[in-house]
Structures are given as structure tokens and as C-alpha cells.
Amino acid sequence: SMTRHGKNATASSFYSYAERKKDAKQSGWGTLHERLGADSVKQFDCCSLTLVPVKDPVITPQGHIFEREAVLEYILAKKKEIAKATKAWEKQCEAEAQKEKEDANAHNERLIRKFNALEGTPAHPGAKVDLSQFETPRPGTASALLSNPLKRKSEGGLHTEPKEKVRAKGDEGTMSNMSEGRSKQLPSFWIPELNPTASAAKLEKPNQKVLCPISSKPLKLKDLMPVKFTEAKAEEEVGHHAIKAKVRFICPVTHDALTNTTKCAYLKTSQAIVAYSVVEQLLKKEMVDPINNKPIKESDIVEVARGGTGYSSTNDVKGKLYRPQLELQ
């Protein structure tokens, strides 16, 4: 008998979970799931774009903290992308309008030619006019097939054959795919008569609003509010514990350390970050800012997005890597 060495037991008669997970990771198929730890989630006092501690912080109405310089560069870059996409969409609309105009003119010309052919026919019973040449050819129809002499319909489908073998006559240069401006086209190499028929993907009208990369809400420059953190001193006592080197900021009211596990709130009247216990015990009773004694409203209190704690109740700690799915039929 073979002893079991942890997850490397291969003598089992069934496909174990560890083997299935290991094979799925190495196969390159299927979605990978990973549980994130506290060190894999952003700190509460770090910029949501650069992921580094902030120096000149601003906060959004949804409670996400950004570095002022980083968020301004983000908004500017997004506005340039929106302007570029809008220009491409407008160019597409102009091309579609031009194509519709050309189709309408071609249709009118066919009607005029049809009318002239009917009116110019001698008035006797034996006269017949072939009206199929005045109809609009559709792809895949008989008229479309007859319009190309190199394509003929047979029992086995469509076959493309030249009428006669091309012989060298001294003017082969005109047949080159690189001459007469054909270098910028994309014909078929093996069958030059079959050009690509797939049209380019139709562009949708781009959204003119810059969205927040975290909350996907509209991000406006006038909605960004400056933040004033209260820095902690090295020798100061925080509650029942001394301040450690990793604690950078404290609550200006209770002098408690502000960490990833601390629920914080932003006060618009004083632009300060305080512990949420201040909001529950002081502000909701008196509705006065304890820092500058100004009246405060419910809309002036913004809950700050918490940092990485490693708990699913606080953060989204499940990571997914989407890969192609292998389906067996």
C-alpha cells in the first residue's frame, strides 16, 4: 500500500479536490478563485489610484480618498479619451449619412433608367424588356451571382474559377496587389475575387461623464472635497495602547488611532476625519461640529471607505481571474 503524503496522494480511486484545483490552475482553463488577505487590500489612508499614502488628499461624496494630483490627471486623461471616442462616433455618423445619401441617389438613377427603358420600347406585342438589370442586387441572390462572372452556382455550392488561364503578356505589373493603390486594401490572397465582407464594429455613443474608477459614479472636479488628517505623535497614548509606527492619523476628538478596522466619517464643515463613534454619540444628538462648533446636517457627514481588514463583511476579499471556459460536449 502507498502512504498518503498530504495533497500529493495519487493512488486514490477518486479525483480529489486538491488535484482538481491544482490541475485547473495549470491547465489555463476556467476561472481562478483566490481569497485575499489584509495585505492585499488597500489601506484606508492610501490613494485609490496610486495605492500609496496620500499627501494632499481629497475625498469623493461616496467616501473614496484620492491624491489630488492623481485624480486630476485621471479626469484629464478620461476627458481626452471621451473626446477622441466622440470624434470617432461623429465620423461614423457622417459616413452612415453619406452612404444613405449615395444609396438613395443610386436608387433614383435606377428608377430613371427603368422609366426610360419602358418608355423607349416599341409598342408591339413581341417587344420585351429585361427589368432585372434595374433591380438592386442583394448579396447571395441570383442577380448578385450573375454580376460576378468568376462565380458560378453549381450543385456543390459556389465555386470561383477564372474564365481562362492568365498568360504572361508583359503587363503583369497591373495585377500586383501592391500597385495602383491596392496596397492599402485587404483582398484575399488565395482568391482575389473574394474581398472581406464583414463590416467594422459599430461604435456606440460614448458617455460624456467621467466615472469614478471605484464606485462607477460620476466624478466631478467640483465634488472633490479636501481632507485634513490629524497626525499622530510618536509619544502619544492612544486609548489604552501606545501609538505604533504604522499608525499615522488619529481622531481629533477622541484621539483614538484611525486604522483599517476603524469606521471613520468625513465632516464637510471642518474637513476632518473622525471616528464614527463621534457621529453616533455626539453629532446625532446635538448636530454641531465638535471641532469648530458649526451647525452640521446629515448630508455633511460622509462615511469613509474602510481599508483592508481581511474580513468579507467589511471588504470584498474574493479575487477572480476570468479565463476561457472549456466545455465538453
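A pocket, for this tour, is an open set of grid points with protein on both sides within 12 Å along at least five of seven lines, and its lining residues have an atom within 4 Å of a point. Keep in mind as you click around that this is a predicted model.

**Stop 1: the second largest pocket**

Select Lys21, Ala24, Lys25, Thr31 and Leu32. Of the 15 residues that line the second largest pocket, these lie nearest its centre. The space in there comes to about 350 Å³.

Now colour helix H1 (17–27) and strand S1 (32–35). Each of them supplies at least two residues of the lining, and H1 gives the largest share, with seven residues. What sort of residues make up the lining: nonpolar, polar or charged? It's a mix: six are charged, five nonpolar and four polar.

**Stop 2: the phenylalanine cluster**

Next, show the side chains of Phe44, Phe229 and Phe249, which ring pairs link into a cluster. Searching the whole structure turns up two aromatic pairs.

Start with Phe44 and Phe229. Their rings meet edge-to-face, with 6.3 Å between centres and 80° between the planes. Trace the chain between them and you'll see that this pair ties together distant parts, 185 residues apart: Phe44 is in the loop between S1 and strand S2 (57–59), while Phe229 is in the loop between strand S6 (225–226) and strand S7 (230–231). Are these two residues buried or exposed? Both Phe44 and Phe229 are buried.

Swing over to the other side of the cluster, where Phe229 and Phe249 are stacked, 4.2 Å centre to centre with 20° between the planes. This pair also links distant parts of the chain, since Phe249 belongs to strand S10 (residues 249–250), 20 residues from Phe229.

Why does Phe229 count as buried? Because its relative accessibility is 16%, and the cut-off for buried is under 20%. Phe249 counts as buried too, because its relative accessibility is 5%.

**Stop 3: Asp45 and Arg248**

Stay in the loop between S1 and S2 and pick Asp45. This residue is buried, at a relative accessible area of 8%. Bring up Arg248 as well: its side chain makes a polar contact with the side chain of Asp45, at 3.2 Å.

**Stop 4: a lysine over a ring**

For the last stop, select Lys263 and Tyr276. What lies over the face of Tyr276? That's Lys263, at 4.5 Å from the ring centre.

Terms used
Residues are numbered from 1 along each chain as its sequence is written. This is a predicted model: local features need pLDDT of at least 70, side-chain atom pairs count only at pLDDT 80 or more; totals for chains, interfaces and linings use all residues. Side-chain values use heavy atoms; hydrogens and water are left out. Rings of Phe, Tyr and Trp (its six-membered ring) pair if their centres lie within 6.5 Å; planes under 30 degrees apart count as stacked, over 60 as edge-to-face and the rest as tilted. Helices (H or I, at least four residues) and strands (E, at least two) are DSSP runs, numbered from the N terminus. Buried means under 20% relative accessible area, exposed over 50%, partly exposed in between (1.4 Å probe, protein chains only). A charge sits over a ring if NZ of Lys or CZ of Arg is within 6 Å of the ring centre and within 35 degrees of the ring normal. On a 1 Å grid over the protein atoms alone, a cavity is a set of points where a 1.4 Å probe fits but cannot get out, and a pocket is an open set with protein on both sides within 12 Å along at least five of seven lines; lining residues have an atom within 4 Å of a point. Grid points are joined across faces, edges and corners, and a volume is the space filled by probe spheres set on the points. Ala, Val, Leu, Ile, Met, Phe, Trp, Tyr, Cys and Pro count as nonpolar, Asp, Glu, Lys and Arg as charged, and the others, Gly among them, as polar. A polar contact is a pair of N or O atoms within 3.5 Å; within protein, one must be able to donate a hydrogen and the other to accept it, and residues adjacent in sequence count only if both atoms are side-chain atoms.
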